[in-house]
Structures are given as structure tokens and as C-alpha cells.
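Here is my note on the model, set out as numbered points. Please read it with the structure open.

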Amino acid sequence: PELLRKTITENFGLDINYYAIVDFKGFEKAVDILVPNGIQVDVPHVMSSGIGMELEKGKQILHGKELLGYVRFRQDRLSDFGRVQRQQEVVSKIMEESISIDNVAKLPKLLGILNSYVNTNMDTSTLFTIGKDIVTKKSGDLETLRIPEDGTFQNKRYEDNGEVLEVDFQQNKEALKEFLVGE
């Protein structure tokens, strides 16, 4: 976490104070607690490579384990960018589906289970407050940004180095600042 924090600071001028690393099992369990009926996604094509299961093409309801496979898949034309889009889609849908006063009562159970699957430098009371604000919609709508932004990078091939993603860090730094601060 410290190396990633330093990398983000160096590349984007953003000082990250807190982190949470969620184990895959923690993701599955959290999803199944927050949205026990699953969420609907439209799987664009058969997905199987590298996810330990096969997801069929089409609209379907997915639960924790299947959603994890859906957000981890990267063997399509969008590679990591498609994976990030699916992750943002799933997090947004989980938040939409889990926003209710009933889910506030689930927070202690959720935090108890996640305690085994999350490595963080936040204390439990802060996590509880954040969770409560999310499920009661006090924190507002979820906004997302993918870095690097479209048009700010190029796929390049170099003989000595292979495939490289060349990123315009200054453009992305400005986009991130605008997203976070509104400047």
C-alpha cells in the first residue's frame, strides 16, 4: 500500500491517506450480504478464461461468486479497460440495490465478515460511518473516473520493451484534479 501511495503521489500529485485491500472472498461475501437477490448484468459475450467459471452471453442475475468472475474477466478487446468498466458498473449497481435503511442493520455483520478479508488502515468506526452513509444515501451519488482517460494514452510497441501504454500524465493529472475538486 505504501508503494502504491507513493506512486500515486508522484504521478498525480494526490496524497492518499487511507486504503482498503479487499480479498476476492470478501467481495463475494459482501455482495451476497448487501444484495442477496443478486444484480442484473448484461454479459456481452461468453466469459470463461481466467475466472474459473463460464458466464453465458445475455442479461442475467449474478451473485457474489459470478459477479467476481464478471468483474475480473479481461480476455476481450478492451482488456483491462473493459474490466474497469465492469467493476464500475457492478459497484454502482450494488450501491443502487443496497441503499435502504434495512441494510444499516446488516452493517455490523458485514463489517464482522469483512474484517477477515479486508486489510485497511481505517478504524472500524470510520468504516461503519462510511458504510452507513452509503446505504442511507447520505454520501450522495457515486461518481467514477477511469485513469487514463480516453484520448490521453496510446498503445505503443517497442522492439526492446514490447507493448507499452504511453500515458500523458499531465492531462490525466488535470482530469483527476477536476474530478476531485471541480477545478
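**Notes on the hairpin, a pocket and ring contacts**

1. The model is predicted. Strands E5 and E6 make up a hairpin, with 3 residues between them. E5 covers residues 153–158 and E6 residues 162–167; the two run antiparallel and are joined by 6 bridges. Asn 155 has Leu 165 in E6 as its bridge partner.

2. Asn 155 and Leu 165 also appear in the lining of the second largest pocket, together with Ser 79, Asp 80, Phe 81, Ile 147, Pro 148 and Phe 153. The volume of this pocket is about 180 Å³.

3. Which element gives the most to that lining? Helix H4 does, with 3 residues. H4 spans 79–98, and both H4 and E5 supply at least two lining residues each. Sorted by class, the lining of the second largest pocket has 5 nonpolar, 2 polar and 1 charged residues.

4. There are 2 aromatic pairs in the structure. One of them is formed by Phe 12 and Phe 169, with 5.8 Å centre to centre and 55 degrees between the planes, and is tilted. Phe 12 belongs to helix H1 (residues 2–12) and Phe 169 to helix H8 (residues 169–181), so the pair ties together parts that lie 157 residues apart in sequence.

5. Is each ring of this pair buried or partly exposed? Phe 12 has a relative accessible area of 17% and is therefore buried, the cut-off being under 20%. Phe 169, at 38% relative accessibility, counts as partly exposed.

6. A charge-over-ring contact is also present: the charged end of Arg 86 sits over the ring of Tyr 70, at 5.9 Å from the ring centre.

Definitions and conventions:
Residues are numbered from 1 along each chain as its sequence is written. This is a predicted model: local features need pLDDT of at least 70, side-chain atom pairs count only at pLDDT 80 or more; totals for chains, interfaces and linings use all residues. Side-chain values use heavy atoms; hydrogens and water are left out. Two strands pair if DSSP finds at least two bridges between them. Helices (H or I, at least four residues) and strands (E, at least two) are DSSP runs, numbered from the N terminus. On a 1 Å grid over the protein atoms alone, a cavity is a set of points where a 1.4 Å probe fits but cannot get out, and a pocket is an open set with protein on both sides within 12 Å along at least five of seven lines; lining residues have an atom within 4 Å of a point. Grid points are joined across faces, edges and corners, and a volume is the space filled by probe spheres set on the points. Ala, Val, Leu, Ile, Met, Phe, Trp, Tyr, Cys and Pro count as nonpolar, Asp, Glu, Lys and Arg as charged, and the others, Gly among them, as polar. Rings of Phe, Tyr and Trp (its six-membered ring) pair if their centres lie within 6.5 Å; planes under 30 degrees apart count as stacked, over 60 as edge-to-face and the rest as tilted. Buried means under 20% relative accessible area, exposed over 50%, partly exposed in between (1.4 Å probe, protein chains only). A charge sits over a ring if NZ of Lys or CZ of Arg is within 6 Å of the ring centre and within 35 degrees of the ring normal.
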